[in-house]
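Please open the structure in a viewer and keep a selection tool at hand. The stops below are arranged by topic, and each names what to select and what is found there.

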Amino acid sequence: SYWRGWRAARQAGGRTAWLLVLGGAAASGAILLFLYPFGAADLFDNIMHGRILGVYGQNPFVQTAVDFRSDPFYRYVGWRRYPSAYGPGWELAAAATARLAGDGIVASALAFKALGGLFLAGCVAIVALLLRRTAPERALAGTLLLAWNPIVLVETLGQGHNDVAMVFWILACAGFLAWRRYTPALLALVAGALVKFVPLLLVPAAGLIALRALPGTRARLRFVAVTTGAAALLVLLAYAPFWRGAETLAIEHRRGLFTTSLPATVGVLLEGRLGRERAESAVSLAAAGITAAFALWQAVRASRKPSWQSFVQAAFLILVFYLLFTCLWFQQWYAVWLLGLAPLLP
């Protein structure tokens, strides 16, 4: 039905067609809200971390689930001895959601899935607006590609993963670039990085596109100064309630996560020669360096023809490269990152 719907949408138009596309997505999402998250325990981990802040008033970057063994969600949590792996932007949203949902198991699961649904609705809205403005002939079909995508729907509204929140901010950056609002575009990526760090890889591309598009040295210097100051303030305000030193960033913890990835394979091959700890450290540093180099290369390429389309193309390629070659901890729901951007590609 997804493929047939896309083919039909390429030929259709008008209000009725749009209502069918958006209504079909809403109906599918409503059904998936009641699917048990069989693929991972992330939904319950997110609820627990949200409760640590929103219900108990504690720090999810310091306290872990084992500190709250009497909580009704404790037995559902998968990573009981680990603090939050996400950014403060997500934890603040999770805390508000947990506080509103209360102690009900089903109510909290539905609330956190609905939070992801709101971000997905925002993603669909941005894709629809951008395509209607720049490529109206494929606006309906492009919107359907995201709104009806079974992987996006299942992983977001069925399994309850929060990746769509990060994708929303990447798409918001593309939207701001299309409207030539360059400082908000960069701040959108910073906001996305406060959910997951990945949008930081896209900052050079958006930044160089903005610098190339702005007229004159004075405008560029003003842009750099204002954007840098605003980004620093945003990060400071987001981390201020949680900051307990560098461990708040959980960088060391993330460097030790390896699974189902090319770096994990390389790490295993090097263990015999270097030992596990040194092998993991070497592989994670090499992966970070290679990823940064590729992101900078794509940023330079994108800046040669500065536009929101060149940003989307660069972002897509950077994320593909990262997931295929340098991501340490790969999971199948990361495909949502690419599927969120794909409808905007030519």
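**Charged pairs**

Begin by selecting Glu 280 and Arg 276, which form a salt bridge whose closest N and O atoms are 3.1 Å apart. This is a predicted model. The two residues are 4 apart in helix H14 (residues 276-303), so about one helical turn separates them. Their surroundings may then be compared: Glu 280 is buried, with a relative accessible area of 17%, whereas Arg 276 is exposed at 56% relative accessibility.

How many salt bridges does the structure hold? The count is 4. For another of them, select Asp 71 and Arg 51, where the closest N and O atoms are 2.8 Å apart. This pair links distant parts of the chain, since Asp 71 sits in the loop between H3 and helix H4 (88-101), Arg 51 belongs to helix H3, and their positions lie 20 residues apart in sequence. Both Asp 71 and Arg 51 are buried. Add Asp 103 to the selection to display a network of salt bridges that links Arg 51, Asp 71 and Asp 103.

Next, select Lys 196 and Asp 163, a salt bridge with its closest N and O atoms 2.6 Å apart. Lys 196 is in the loop between H9 and H10 and Asp 163 is in helix H8, so the pair ties together parts that are 33 residues apart in sequence. Lys 196 and Asp 163 are both buried.

**Two aspartates of helix H3**

Keep Lys 196 displayed and select Asp 42, which lies in helix H3 (residues 42-54). Asp 42 is buried yet has no salt bridge, and Lys 196, the nearest side chain of opposite charge, is 6.5 Å away. Which residues is Asp 42 in contact with, leaving aside its neighbours within four places in sequence? They are Tyr 86, His 161 and Trp 333.

Remain in helix H3 and move to Asp 45. This residue counts as buried, at 5% relative accessibility. Show Val 77 as well: it is 32 residues from Asp 45 in sequence, while the C-alpha to C-alpha separation is 5.2 Å. Not counting residues up to four places away in sequence, Asp 45 touches Val 77, Gly 78 and Trp 79.

**An enclosed helix**

Now select helix H6 (residues 139-147). Of its 9 residues, 8 are buried, so the helix is largely enclosed by the rest of the structure. To highlight the buried residues of H6, pick Ala 139, Leu 140, Ala 141, Gly 142, Thr 143, Leu 144, Leu 146 and Ala 147. Then display what covers them, which includes helix H1 (2-11), helix H2 (15-32), helix H5 (105-134), helix H7 (150-158) and helix H16 (335-341).

**A packed helix pair**

Two packed helices are described by the angle between their axes and the distance between the axes. Select helix H10 (residues 203-213) and helix H11 (residues 217-239), which pack at an angle of about 150 degrees with their axes 9 Å apart. The cut-off for roughly antiparallel is an angle over 145 degrees, and H10 is therefore roughly antiparallel to H11. To inspect the contact, show Gly 207, Ala 210, Leu 211 and Arg 212 in H10, which meet Arg 220, Phe 223 and Val 224 in H11.

**Cysteines**

A disulfide is a covalent bond between the sulfur atoms of two cysteines. How many disulfides are counted here? With a cut-off of 2.5 Å between cysteine sulfur atoms, the count comes to 0 disulfides. Select Cys 123, whose nearest cysteine sulfur, that of Cys 173, is 13 Å away. Cys 173 is likewise in no disulfide, the nearest cysteine sulfur being that of Cys 123. Cys 123 counts as buried at 1% relative accessibility, and Cys 173 counts as buried at 0%.

**Positive phi in two loops**

For the final stops, select Arg 180 in the loop between helix H8 (163-178) and helix H9 (182-193). Its phi is near 60 degrees, a positive value in a residue other than glycine. Is Arg 180 buried or exposed? Arg 180 is exposed, with a relative accessible area of 60%.

Then go to Thr 260, found in the loop between helix H12 (251-255) and helix H13 (262-274). Although Thr 260 is not a glycine, it has a positive phi of about 40 degrees. At 59% relative accessibility, Thr 260 counts as exposed.

Terms used
Residues are numbered from 1 along each chain as its sequence is written. This is a predicted model: local features need pLDDT of at least 70, side-chain atom pairs count only at pLDDT 80 or more; totals for chains, interfaces and linings use all residues. Side-chain values use heavy atoms; hydrogens and water are left out. Buried means under 20% relative accessible area, exposed over 50%, partly exposed in between (1.4 Å probe, protein chains only). Lys and Arg count as positive and Asp and Glu as negative; His and the chain ends are not counted. Contact means heavy atoms within 4.5 Å. Axes are lines fitted to C-alpha atoms, for helices over the stretch in contact, and angles run from 0 to 180 degrees between N-to-C directions. Angles under 35 degrees count as roughly parallel, over 145 as roughly antiparallel, 65 to 115 as roughly perpendicular and the rest as oblique.
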